[in-house]
Amino acid sequence: MSEPVADTAALFDDDYLYFFEERLEEVSDADTDRIWKVLDLAPGMEVLDLGCGHGRITNRLAERGCRVTGLDLSTTFLKRARETAAARGVTVDYLHEDMRNMTWSGRFDRIVNFGNAFGFFDDADDQRVLARVAQALRPGGRFLLETINYPRYLRDWQPSSVEEHHGDLVADVHRLDPLTNRSIATRTTIRDGRIRREPSSHRLHTYTELRDWLRGAGFTSIDGFGEDGAPLTAEHRRAMVVAGR
């Protein structure tokens with residue numbers, strides 16, 4: 001098992017929450033609705049939120065009656081997730097662990113990987129994660145992987161972006177490497193007079209590539225949907241890939 005291609009714990013920290021948490025909170029109820037519908041969730045189901053971040057989806061699934069486990073590498077995000085769970089009065093089992101090290105077998109009814117939380121390792125390790133996801137599901141279980149829709153990403157691609165929050169700035173400068181299909185970026189954060197730079201590398205996938213990887217991991221049915229729940233097209237901004245055992 002190789003080292004992560006990107007230091008996700010450094011990328012997803014207090015600065016990330018400062019700039020993006022409010023915006024994510026605005027769409028979290030709608031995101032949870034989409035997950036609930038596309039995975040045909042029901043109260044009482046055992047659910048794993050893989051790469052759960054600060055728990056914005058995890059805690060909402062728990063509020064709807066699921067028995068939820070959240071796994072992430074960022075201790076900052078997990079601390080916020082636990083605080084929010086306590087404030088919402090829900091119980092979630094939050095684990096600080098590398099998703100490549102999962103050892104569950106036949107435990108979960110559903111597994112969720114939402115919001116570009118897949119693709120930070122090399123290809124061999126990413127495929128290993130999918131195999132472990134398949135192993136962790138019960139027979140008949142389903143897995144949702146939500147990510148960038150590659151054709152639309154290429155059409156809309158810009159080499160840089162800047163976000164402002166209360167006079168502070170976060171700027172991403174990135175390039176697409178066609179040899180590896182990775183987005184190579186540097187994030188510069190200017191906050192309270194402090195300047196910080198973090199590199200990142202995120203693997204981008206077409207639907208057909210993910211379909212083939214999921215089949216190789218042992219899934220027997222794979223479908224693609226856009227953010228509106230309709231069958232995936234090149235016009236959709238986001239891709240929801242749903243795989244069943």
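Helix 4 has its buried residues (under 20% relative accessible area with a 1.4 Å probe, protein chains only) covered by several neighbours, including helix 2 (14-38), helix 3 (58-63), strand 2 (67-72) and strand 3 (93-96). Keep in mind that this is a predicted model, where local features need pLDDT of at least 70, side-chain atom pairs count only at pLDDT 80 or more, and totals for chains, interfaces and linings use all residues. Residues are numbered from 1 along each chain as its sequence is written, and side-chain values use heavy atoms, with hydrogens and water left out.

So which residues of helix 4 are buried? They are F77, L78, A81 and A85. These residues cover an arc of only 95° around the axis (taken from the directions from the helix axis to the C-beta atoms), which puts them on the same side of helix 4. Look at the other side and you'll find T75, A86 and A87 exposed, meaning over 50% relative accessible area. Just past the end of helix 4, G89 has a positive phi of about 75°.

Now for some strands, which are DSSP runs of E with at least two residues, while helices are runs of H or I with at least four, both numbered from the N terminus. Strands pair if DSSP finds at least two bridges between them. Strand 7 (residues 168-177) runs antiparallel to strand 8, with 9 bridges joining them; D177 has R182 as its bridge partner. The two form a hairpin with 4 residues between them, and N181 in the turn takes a positive phi of about 55°.

Strand 8 (residues 182-191) is also joined to strand 9 (residues 194-203), antiparallel, by 10 bridges. Here T188 stands opposite R197.

Technical notes. Contact = heavy atoms within 4.5 Å.
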